Amino acid sequence: MTEQVDEHFVASVRALSAGRRPLAPLGSQLLELFDAQLGSRHIDLVAREFRARGLGYYTIGSSGHEGNAAVAAALRPTDPALLHYRSGAFYLARMRQLGRDGSLDVLLGMMAATDEPIAGGRHKVFGHHAAAVIPQTSTIASHLPRSLGVAFAIERARKLGVPSAWPDDAITVCSFGDASANHSTATGAINAAIYTAYQGLPVPLLFVCEDNGIGISVPTPRGWIGAAYGSRPGLRYFHASGFDLVQTRQVAAEAADYVRRHRKPAFLHLSTVRLMGHAGSDAEVAYRSSTEIIADLARDPVLGTAETLVSAGILTPAEVLDRYEAKRAEVRQLAEEASRRPQLDSAKAVIAPLAPRRPALVASRIRPLPWTEPLTLAQSINRTLAQLLSQYPGMCVFGEDVARKGGVYGVTRGLQKQAGGGRVFDTLLDEQSILGLGLGLGVSGLLPVPEIQYLAYLHNAADQLRGEAATLPFFSNGQYRNPMVVRIAGYGYQKGFGGHFHNDNAVAALRDIPGLVIASPSRPDDAAAMLRTCVAAADVDGTLSVFLEPIALYHTRDLHSDGDAGWLAPAPVDHVPVGRGRTHGDGTDLTLITFGNGVRMCLRVARRLAAAGISCRVLDLRWLAPLPVEDIHREAAATGRVLVVDETRRTGGVAESVITALSDASFPGIVRRVASADSFIPLGDAALTVLLSEETIHDAAVSMV
């Protein structure tokens, strides 16, 4: 197929006849865009050749989509761009706006070279910090929620008077394919953009759907994109043929001008074709007829631009072919150079951008908390958020019901009145959009603290953390980060209320995300201290954190007996670094290692055991990632007996990591665990049959001593 595309272009150009048709709308810019198209085409051709030689690693190309060069030309190089993986010509045209050739950038990415300017050899992505191109790896439109967040951030930063990564009049552009347009992430993000604009809030966002009519091997029904998005209220629709560069440039300029002037979302539907299959290993003949393939060759956008240039008398057919072959030689030479560049050669080098830590600088950002009276967990988090909103002007708290209502459990009550509706606000009920909004705010210079109302609600949006937030520093070599603290109410023990969706004890989906910090406080003073640490780390290092708040302990006041106020605590004095646990007691017979609701249960059990002559110490992990490994080793060695008390499930639960940490250190003592059952949590008292109980902890502890 590679040779067929190449040969068809050459033969078709030779058959052209020169003319003198004027080109008023585009003029001399057409040659620059043609050069970007040629560069993108020859990068695709050489990628397949070098892959066959074992020198390249990425062959998903942009052939047939080169009309998107005109979309880049209609925008400013300061407009943030989140690009589809077939937006090669867009990238080259954007780099030309900055006076540089981006061909080597793309080739270095294909060759996994360490001096590739965005990912540093970790993946082939279109991205460049100076060009405001935020790298995306998505094939399922998972970058669309972030694009909404970036667009929202442009106006919100200006409103708040805080610095932004983008000019005040910038617009955001986000490109994706027609197959991805059907994904729930895409439909949700587009709906969220319309929903936001419907409320009169500025959303300067240009969606660009590059419609080639097929998703790998599955055809998109003819006319579907136009039917689905051509008449959506609140979404201005534009259409252009990617074959006609002049028309695309004109329509794209109209779309960009509409978004820039009105600060409303628009949808640019760019009709394209896909040439040379989905990727190098894809054999189109297995699912497409030769008639279909040949028909697409006739709609080659590079050929379309060549025809325009020849018909306008700007170039002769021979001159077109001379440019074509000159670009081939240029790209081949760059590819040979790229193939000789060094590649990543150690795990340390690969993971370097994931989670930088500057604990001393983080500690320097911690401010004293202005209260001394004992508070509940909910009160402590509330007052800490209030203090942090005063300290960080760009901090925003948002989610479902967090503003006027103050959250389902009152944790954010009064914050909107204190900080204003521009910084504490409600969102629509869509977790993907909530997290995507946070990702866009964070990459734009703000400090997002979104709330996910219940842990179970996170799972339908987990890819925003796993596939977007965590990968961005990795695939940008640390040039872009996602500073964000995601507050989540979770765990069980709500006295049977709500069933599974309000009592979720599954954290496995979070624990294996590289670079993600997972905070799990149980006591009010720890929650205040750890929340300050998470926000400071986000501000200093761009750290992405999940802050798990045990619902059952929000309003708990007592520890051992009614009225003892043993679970209340004043503001913390000390700073709590990421990855440091907290030990309660100094018993020598048994170490209980736990977190969350388990801390209160273990402290209660420890008192019962002490009455029976068994002395325990309780290690509150506080951080589930990174685990406080040094604290685990120290407290385990102090007694030689460890009972891991894990309120999450036996399979995929936190205890697995704790026991592995002890095993890795060749701990010579006795280790056992108790955990909740591998079950969803039912409604009513039946919940207690599958959740970990104090009696289970007590009996296991007695059996060990």
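**View 1. The largest cavity of the predicted model encloses about 120 Å³ of space.** Lining this cavity are 16 residues. Closest to its centre are Leu354, Pro473, Gly515, Gly542 and Leu544. By class, the lining of the largest cavity divides into nine nonpolar, four polar and three charged residues. In total, the structure holds six cavities of 30 Å³ or more.

**View 2. Helix α23 covers residues 597-611.** The helix has 15 residues, and its end C-alpha atoms lie 22 Å apart. This agrees with the 21 Å that the helix should span at 1.5 Å a residue. Just beyond, Gly613 follows α23 with a positive phi, near 90°.

**View 3. Buried residues of α23 and the elements that cover them.** Asn597, Gly598, Val599, Met601, Cys602, Leu603, Val605, Ala606 and Leu609 are buried in this helix. Their cover includes the strands β13 (544-550), β14 (582-584), β15 (590-594), β16 (616-620) and β18 (641-649). Helix α26 (694-704) is also part of the cover.

**View 4. Cys174 sits in strand β2, residues 172-177.** Cys174 counts as buried because its relative accessible area is 0%, and the cut-off for buried is under 20%. Leaving aside residues up to four places away in sequence, Cys174 touches Leu82, His143, Leu144 and Ser147, along with Leu205, Leu206, Phe207 and Val208.

**View 5. Cys174 and Gly64, C-alpha to C-alpha.** In sequence, Cys174 and Gly64 are 110 residues apart. In space, the C-alpha atoms of Cys174 and Gly64 are 18 Å apart.

Terms used
Residues numbered from 1 in each chain as written. Predicted model: local features only at pLDDT ≥ 70, side-chain atom pairs only at ≥ 80, totals over all residues. Heavy atoms only, no water. Helix = DSSP H or I, 4+ residues; strand = E, 2+ residues; numbered from the N terminus. Buried < 20%, exposed > 50% of the residue type's maximum accessible area, 1.4 Å probe, protein only. Contact = heavy atoms within 4.5 Å. 1 Å grid on protein atoms, 1.4 Å probe; cavity = no way out; pocket = protein on both sides within 12 Å on 5 of 7 lines; lining within 4 Å. Points joined across faces, edges and corners; volume = space filled by probe spheres on them. Nonpolar A, V, L, I, M, F, W, Y, C, P; charged D, E, K, R; others polar. Expected span 1.5 Å × (residues − 1).
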